[in-house]
Amino acid sequence: MATNDTRRAGGRIPEDPEDLLPEESVLSLDEYLAMHAAVGHRTRYEILYRLVHSGDMSPTELEEAMGIDDSTLHYHLNKLVDVGLVEKRQRTERGQDGLYTYYRATVFGEVTLTEGVDELIRGEQEFEAMYDSSGGE
């Protein structure tokens with residue numbers, strides 16, 4: 001599991017959490033928190049999970065994989081795009097008229113998922129395995 005290395009030089013924890021950010025941070029603390037809040041909804045978590053672990057997907061592929069309707073999917077996709085966890089891309093497929101739309105996780109999306117919720121789940125699994133009393137001794 002990840003360690004807590006939020007201390008600054010001198011071993012002190014900053015009084016203001018915003019001081020944890022690098023001086024030239026590309027995002028504000030509020031933007032980071034918005035990313036975590038967005039992935040805190042089960043549908044958005046599942047969309048991001050599928051994009052991180054399965055790669056680029058079209059809206060139709062996501063609808064079919066998740067069993068949700070078009071309007072619900074697009075509502076949640078827009079939330080993920082707005083906070084920067086997912087990006088919407090378009091390309092022309094060979095032999096196709098018009099553009100093909102697909103979504104993919106951004107670097108922030110991948111890190112938020114794999115070092116956030118997924119890491120918490122792995123931590124619970126490790127804890128459970130350490131204290132499993134039904135083991136074969």
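These notebook entries record what I looked up in the structure, which is a predicted model.

**Entry 1. Overall architecture**

I began with the secondary structure of the protein chain and counted 5 helices and 2 strands. Read from the N terminus, the elements follow the order α-α-α-α-β-β-α. I then looked up burial and found that 27% of the 137 residues in the protein chain are buried. For the contacts with a separation of 6 or more, I noted that 48% join residues 24 or more positions apart.

**Entry 2. Helix 5**

I turned next to helix 5, which covers residues 107-130. I checked its length against expectation: at 1.5 Å a residue, its 24 residues should span 34 Å, and the end C-alpha atoms lie 32 Å apart, which agrees. I also looked for a bend and recorded a kink of about 45° in helix 5, centred on E119. E119 is itself one of the buried residues of this helix. The others I listed are G109, T112, L113, T114, G116, D118 and G123. I asked which elements these buried residues pack against, and found helix 1 and helix 2, the latter being residues 42-54.

**Entry 3. The loop before helix 5**

I examined T106, which sits in the loop between strand 2 (100-105) and helix 5. Is T106 buried or exposed? Its relative accessibility is 16%, and the cut-off for burial is under 20%, so I entered T106 as buried. Leaving aside residues up to four places away in sequence, I found that T106 touches G84, L85, V86 and E87.

**Entry 4. The largest pocket**

I closed with the largest pocket, which holds about 190 Å³ of space. Its lining consists of Y32, M35, H36, F108, V111, T112 and E115. Which helices each supply at least two residues of this lining? I identified helix 1 (29-39) and helix 5. Helix 5 gives the most, with 4 residues. Sorted by class, the lining has 4 nonpolar, 2 polar and 1 charged residues. I noted that T112 appears in the pocket lining and also among the buried residues of helix 5. Helix 1 likewise recurs in my entries: it contributes to the lining of the largest pocket, and the buried residues of helix 5 pack against it.

Methods. Residues numbered from 1 in each chain as written. Predicted model: local features only at pLDDT ≥ 70, side-chain atom pairs only at ≥ 80, totals over all residues. Heavy atoms only, no water. 1 Å grid on protein atoms, 1.4 Å probe; cavity = no way out; pocket = protein on both sides within 12 Å on 5 of 7 lines; lining within 4 Å. Points joined across faces, edges and corners; volume = space filled by probe spheres on them. Nonpolar A, V, L, I, M, F, W, Y, C, P; charged D, E, K, R; others polar. Expected span 1.5 Å × (residues − 1). Bend = angle between axes of the 7 residues up to and from the residue. Buried < 20%, exposed > 50% of the residue type's maximum accessible area, 1.4 Å probe, protein only. Contact = heavy atoms within 4.5 Å.
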